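Grab a pencil and open the viewer. Below are some exercises, each with a solution that goes step by step.

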Amino acid sequence: MRKFLVVLDDSRECLNAMRFAAMRAAHTGGGVTILSVIPPDEFNHWIGVAEVMREEARERIHAHFEVFAKWMRDKQGIEPELAIREGDPVPQIIEHVQSDTEIGVLVLGAGVEKKGPGPLVTQLTKNSGSLPIPITIVPGDLSKEKLEEIT
């Protein structure tokens with residue numbers, strides 16, 4: 001089974017990437033893996049405080065995941081899986097892709113602000129030549145109707 005890997009973060013464009021991945025998986029008989037990466041700079045505190053912050057970050061991730069997972073189950077009939085990693089996002093995404101041979105496509109949402117498509121899209125497209133899978137970039141301002149039409 002081919003799985004679509006989508007990155008869960010706090011960006012607005014993440015929503016369209018989630019929708020696209022779920023709809024494509026539903027139409028192709030695939031699955032969805034939602035990956036969230038906790039950056040290391042969140043834990044530059046005393047060991048006890050860092051552990052509490054790490055657990056709070058995981059709780060936030062699980063809460064966000066449940067919102068997307070419920071939509072995927074109810075609307076697309078997809079049961080997504082959650083993966084959480086810690087470290088710098090780009091290397092962690094690449095490592096996750098390399099560790100799961102069922103992942104066939106990385107789906108990213110592109111930002112619509114003047115700064116560009118966003119740091120993940122920028123950095124991962126620079127590394128795209130060394131990735132073992134294709135990247136699909138979903139425009140952040142793509143309407144829900146248009147998204148349904150193209151999937």
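**Exercise 1.** Leaving out residues up to four places away in sequence, which residues does Gly111 touch?

*Solution.* Before you start, keep in mind that you're looking at a predicted model.
- Step 1: find Gly111 in the loop between strand 4 and helix 4.
- Step 2: skip residues up to four places away in sequence, then look for heavy atoms within 4.5 Å. You should end up with Glu13, Gly116 and Pro117.
- Step 3: try a distance across the fold. Gly111 and Val138 sit 27 residues apart in the sequence, and their C-alpha atoms are 9.1 Å apart in space.

**Exercise 2.** Work out the strand order of the open five-stranded sheet, and say which strands are at its edges.

*Solution.*
- Step 1: walk across the sheet from one side to the other. The order reads 3-2-1-4-5, and the pairing is parallel.
- Step 2: check for strands that pair on one side only. These are strand 3 (81-86) and strand 5 (135-139), so they are the edge strands by the pairing rule of at least two bridges.
- Step 3: look at the twist. On average, neighbouring strands here are turned by 30° against each other, ignoring direction.

**Exercise 3.** Zoom in on strand 1: how many bridges join it to strand 2, and are its residues buried or exposed?

*Solution.*
- Step 1: count the links. Strand 1 (residues 3-7) runs parallel to strand 2 (residues 31-38), and five bridges join them.
- Step 2: match up residues. Lys3 stands opposite Gly31, while Phe4 faces Val32 in strand 2.
- Step 3: sort the side chains. Lys3, Leu5 and Val7 point one way, with Phe4 and Val6 pointing the other way.
- Step 4: check how covered they are, using under 20% relative accessible area as the cut-off for buried. Five of the five residues in strand 1 pass, even Lys3.

**Exercise 4.** Which strands do helix 1 and helix 4 lie across, and what covers the buried residues of helix 3?

*Solution.*
- Step 1: take helix 1 (residues 14-28). It lies across strands 1, 2, 4 and 5, and runs at about 175° to strand 1.
- Step 2: move on to helix 4 (residues 119-126). This one lies across strand 1, strand 4 and strand 5, at about 135° to strand 4.
- Step 3: turn to helix 3 (residues 89-99), where Val90, Gln92, Ile93, Ile94, His96 and Val97 are buried. Their cover includes strands 1, 2, 3 and 4, plus helix 4.

**Exercise 5.** What are the volumes of the largest and second largest pockets, and which residues line them near the centre?

*Solution.*
- Step 1: start with the largest pocket, at about 540 Å³. It is lined by 28 residues, and Val7, Leu8, Asp9, Asp10 and Val37 are the closest to its centre.
- Step 2: see which elements chip in. Strands 1, 2 and 4 and helices 1, 2 and 4 each give two or more residues to this lining.
- Step 3: sort that lining by class: 17 nonpolar, six polar and five charged.
- Step 4: now the second largest pocket, with about 250 Å³ of space. Of its 16 lining residues, Arg12, Glu13, Gly111, Val112 and Glu113 lie nearest the centre.
- Step 5: finish with its make-up. Helix 1 gives the most to this lining, three residues, and the classes split into five nonpolar, five polar and six charged.

Notes
Residues numbered from 1 in each chain as written. Predicted model: local features only at pLDDT ≥ 70, side-chain atom pairs only at ≥ 80, totals over all residues. Heavy atoms only, no water. Helix = DSSP H or I, 4+ residues; strand = E, 2+ residues; numbered from the N terminus. Axes fitted to C-alpha atoms, helices over the stretch in contact; angles between N-to-C directions. 1 Å grid on protein atoms, 1.4 Å probe; cavity = no way out; pocket = protein on both sides within 12 Å on 5 of 7 lines; lining within 4 Å. Points joined across faces, edges and corners; volume = space filled by probe spheres on them. Nonpolar A, V, L, I, M, F, W, Y, C, P; charged D, E, K, R; others polar. Buried < 20%, exposed > 50% of the residue type's maximum accessible area, 1.4 Å probe, protein only.
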